[in-house]
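Subject: Handover of a structure and notes on its contents

Dear colleague,

Please find the structure below, together with its sequence. My notes on what was found follow it.

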Amino acid sequence: MSLTHYAFPKSLRLRKRREFYRVSCKASKIGGKLLYIDYSPNNSTTTRLGITVTKRYGKSYERNRFKRLVREAFRLTQAKLPAGLDIIVKPRTYVKDAPLCAIQNELVLLLKQVRVVDEPRVGEP
């Protein structure tokens, strides 16, 4: 198996300020015990990830650890996540000591609740 299989390419990341701004302006929000997630549908079939951690969360090594764990959780669970979303992940304070598996489980659990396409519900016009 090649290393490219485990890569996290730039096409799966939100990288520019305007991309983060677009998602945050028209985002739906969902929260769990460890994470807050802002999500918005995009015009492609891939799900892209953005991570926001403020200085209020903690020191730089704590912020960097959180970002590494979220990137790895996203990379490992990418096949289980709904397609066609841009997501921004923000930490809650309880996540500082959380292991990778807890972040991974919460990410999948929260994003399974997301409806990608707003289909009309029964009884709605």
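In which loop is alanine 27 found? Alanine 27 is found in the loop between α1 (17-25) and β1 (28-31). Before I say more about this residue, please note that the model is a predicted one.

Overall arrangement

Three helices and four strands make up the elements of the chain. Read from the N terminus, their order is α-β-β-β-α-β-α. The chain has 125 residues, and buried residues make up 40% of them. Among contacts between residues at least 6 apart in sequence, 77% join residues at least 24 apart.

Around the start of β1

Let us return to alanine 27. Its C-alpha atom is 5.5 Å from that of aspartate 38, although eleven residues separate the two in sequence. Leaving aside neighbours within four places in sequence, alanine 27 is in contact with Asp38, Tyr39 and Ser40.

Serine 28 belongs to strand β1. With neighbours within four places again left aside, serine 28 is in contact with Ile37, Asp38 and Tyr39. The C-alpha atoms of serine 28 and serine 40 are twelve residues apart along the chain and 6.4 Å apart in space. Serine 28 has a relative accessible area of 33%, so it is partly exposed.

Serine 24 lies in helix α1. It counts as partly exposed because its relative accessibility is 33%. A polar atom of its side chain lies 3.1 Å from the backbone oxygen of tyrosine 21. Not counting residues up to four places away in sequence, serine 24 touches Lys29 and Ile88. Along the chain, serine 24 and isoleucine 88 are 64 residues apart, yet their C-alpha atoms are separated by 8.0 Å.

The loop between β2 and β3

Threonine 46 and threonine 47 repay study as a pair. Threonine 47 is placed in the loop between β2 (35-41) and β3 (48-51), and threonine 46 is in the loop between β2 and β3 as well. Is threonine 47 buried or exposed? Its relative accessibility is 8%, and therefore threonine 47 counts as buried, the cut-off for buried being under 20%. Threonine 46 has a relative accessible area of 32%, which means that it is partly exposed.

Their contacts can be set side by side, not counting residues up to four places away in sequence:

- Threonine 46 touches Leu12, Gly84 and Leu85.
- Threonine 47 touches Leu12, Phe74, Pro82, Ala83, Gly84 and Leu85.

The side chains of these threonines also take part in polar interactions. That of threonine 46 makes a polar contact with the side chain of serine 44, at 3.1 Å. In threonine 47, a polar side-chain atom lies 2.5 Å from the backbone oxygen of proline 82. The C-alpha atoms of threonine 46 and leucine 12 are separated by 7.1 Å, with these positions 34 residues apart along the chain.

Aspartate 86

Aspartate 86 is found in strand β4. Its relative accessible area is 0%, so this residue is buried. Which side chain makes a polar contact with the side chain of aspartate 86? It is the side chain of asparagine 42, at 2.8 Å. Residues up to four places away not being counted, aspartate 86 touches Leu14, Arg22, Val23, Asp38, Tyr39, Ser40, Asn42 and Arg48.

The nonpolar core

In soluble globular proteins, nonpolar side chains tend to be buried together. In this model, the largest nonpolar core has 28 residues, of which Phe66, Ile87, Val89 and Leu107 touch the most other members. The elements that give two or more residues to this core are β2, β3, α2 (60-77), β4 (85-91) and α3 (100-112). Beyond its neighbours within four places in sequence, phenylalanine 66 is in contact with Leu35, Ile51, Val53, Tyr57, Val89, Lys90, Pro91 and Val95.

The largest pocket

The volume of the largest pocket is about 250 Å³. Its lining consists of Tyr36, Thr52, Val53, Thr54, Arg56, Tyr57, Lys90, Pro91, Arg92, Thr93 and Tyr94. These lining residues divide into five nonpolar, three polar and three charged. Val53, Tyr57, Lys90 and Pro91, listed in this lining, are also among the contacts of phenylalanine 66.

Yours sincerely,
A colleague

Terms used. Residues are numbered from 1 along each chain as its sequence is written. This is a predicted model: local features need pLDDT of at least 70, side-chain atom pairs count only at pLDDT 80 or more; totals for chains, interfaces and linings use all residues. Side-chain values use heavy atoms; hydrogens and water are left out. Buried means under 20% relative accessible area, exposed over 50%, partly exposed in between (1.4 Å probe, protein chains only). A polar contact is a pair of N or O atoms within 3.5 Å; within protein, one must be able to donate a hydrogen and the other to accept it, and residues adjacent in sequence count only if both atoms are side-chain atoms. Contact means heavy atoms within 4.5 Å. A nonpolar core is a set of buried Ala, Val, Leu, Ile, Met, Phe, Trp, Tyr and Cys residues joined through side-chain atoms within 4.5 Å. On a 1 Å grid over the protein atoms alone, a cavity is a set of points where a 1.4 Å probe fits but cannot get out, and a pocket is an open set with protein on both sides within 12 Å along at least five of seven lines; lining residues have an atom within 4 Å of a point. Grid points are joined across faces, edges and corners, and a volume is the space filled by probe spheres set on the points. Ala, Val, Leu, Ile, Met, Phe, Trp, Tyr, Cys and Pro count as nonpolar, Asp, Glu, Lys and Arg as charged, and the others, Gly among them, as polar.
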